[in-house]
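Open the structure in your viewer and keep the selection tool handy. We'll go stop by stop, and each stop says what to pick and what you'll find.

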Amino acid sequence: MREVACKIHQINPNWSETSKENYIKHALRENQIQTELVHPNIVKLYASVEIDQNSFCTVLEYCEGPDLSQYLKRYKCIPEKEAKIIIRQTLNGLKYLNDFKPRVIHYDLKPQNIIFHKGEVKISDFGLCKILNDNESRCELTSQGVGTYWYLPPETFEVGEEAPSISSKVDVWAIGVIFFEMLYGQKPFGNNISQDKILKDQIILKSKKVIFPDKPAVSKEAKDFIAKCLVYNERDRYDVEQAYSSPYFSRML
């Protein structure tokens, strides 16, 4: 007898068989992984219920909302002290995913997938998540081109004969983008540019360095943290553990 959120997954009968298979694959992955996750900063998935041949329902922990995207539309900028708390809680969830067995890369971290509930932040939507098997720190990006481009790092846009490989540092890049967006009311790369144009003009592949606006005033420590999350070369970027343990958050512990 508890309040829950019901997410309806609808398969369009007109979709190609490949599209149907991809949708079902992502939905089943989300279901399988999220059911096992238990953390205060991750939306809990309780069960799945088949509705008919073309639809089913996932039963999720109910969150009052709004999500961070709606919150940003209302307030545009968030004071650093408040934004820092939101990022810290999101990192708590990411740290859990990174320590989970098997390790989980969310891959679709963005304001729409960060939801408020009773003073807590919760990560939702695991439909694009990647699973790292035992002793793996990387996986092949088989779903290149999928995701929300403003929040994906340069390595996910690389084109070659083989699919690029990724690590959990893709989620750290997203953390940097989201923190920047909360503080400045704009995205650091590709702001006001469509997804198609970002891809066509290789905006993210050309985003070698983050540039901070003069206003509003933001602490040097926050800028340093964001810069380390948004290092172009993945090798030199913060990993989840480094972001979580950053001195920037030491006063909050």
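Which side chain does His-9 join through a polar contact of 3.0 Å? Select His-9 and Thr-58 together: the contact runs between these two side chains. (A polar contact is a pair of N or O atoms within 3.5 Å; within protein, one must be able to donate a hydrogen and the other to accept it, and residues adjacent in sequence count only if both atoms are side-chain atoms.)

Before moving on, a word on what you're looking at. This is a predicted model, where local features need pLDDT of at least 70 and side-chain atom pairs count only at pLDDT 80 or more, while totals for chains, interfaces and linings use all residues. Residues are numbered from 1 along each chain as its sequence is written, and side-chain values use heavy atoms, with hydrogens and water left out.

**Stop 1: around His-9**

Stay on His-9, which sits in strand β1 (residues 4–10). (Strands are DSSP runs of E, at least two residues, and helices are runs of H or I, at least four residues; both are numbered from the N terminus.) His-9 is buried, with a relative accessible area of 4%. (Buried means under 20% relative accessible area, exposed over 50%, and partly exposed in between, using a 1.4 Å probe and protein chains only.)

Now add Tyr-23, in helix α1 (residues 17–36). Its relative accessible area is 25%, so Tyr-23 counts as partly exposed. Draw a line between the C-alpha atoms of Tyr-23 and His-9: they are 9.0 Å apart, with the two positions 14 residues apart along the chain.

**Stop 2: two cis peptide bonds**

Most residues other than glycine have a negative phi, and most peptide bonds are trans. Select Gly-65 and Pro-66 to see a cis bond, with omega about 5°. Pro-66 belongs to the loop between β3 (55–61) and α2 (68–75). Then jump to Lys-215 and Pro-216, joined by a cis bond with omega near -5°. Pro-216 is in the loop between α5 and α6 (220–229).

**Stop 3: Tyr-107 and the cavity**

Pick Tyr-107, in the loop between β4 (103–105) and β5 (114–117). Its phi is near 75°, a positive value in a residue other than glycine. Is Tyr-107 buried or exposed? Tyr-107 is buried, at a relative accessible area of 3%. Add Lys-130, whose charged end sits over the Tyr-107 ring, 4.7 Å from its centre. (A charge sits over a ring if NZ of Lys or CZ of Arg is within 6 Å of the ring centre and within 35 degrees of the ring normal.) For another such arrangement, show Lys-95 over the face of Tyr-244, at 5.3 Å from the ring centre.

Tyr-107 also helps line the largest cavity, along with residues including Lys-110, Tyr-151 and Asp-171. (On a 1 Å grid over the protein atoms alone, a cavity is a set of points where a 1.4 Å probe fits but cannot get out, and lining residues have an atom within 4 Å of a point.) The count comes to one cavity of 30 Å³ or more, and the largest has a volume of about 50 Å³. (Grid points are joined across faces, edges and corners, and the volume is the space filled by probe spheres set on the points.)

**Stop 4: aromatic rings**

The whole structure holds 14 aromatic pairs. (Rings of Phe, Tyr and Trp, the last by its six-membered ring, pair if their centres lie within 6.5 Å; planes under 30 degrees apart count as stacked, over 60 as edge-to-face and the rest as tilted.) Select Trp-173 and Phe-189: their ring centres are 5.5 Å apart and their planes are at 25°, so this pair is stacked. Trp-173 lies in helix α4 (residues 169–184) and Phe-189 in the loop between α4 and α5 (195–200), so the pair ties together parts that are 16 residues apart in sequence. Both residues, Trp-173 and Phe-189, are buried.

Next, colour Phe-179, Phe-225, Tyr-238, Tyr-248 and Phe-249, which form one aromatic cluster.

**Last stop: Asn-192**

Finish on Asn-192, in the loop between α4 and α5. Asn-192 is not a glycine, yet its phi is positive, at about 60°. With 77% relative accessibility, Asn-192 counts as exposed.

Technical notes:
On a 1 Å grid over the protein atoms alone, a cavity is a set of points where a 1.4 Å probe fits but cannot get out, and a pocket is an open set with protein on both sides within 12 Å along at least five of seven lines; lining residues have an atom within 4 Å of a point.
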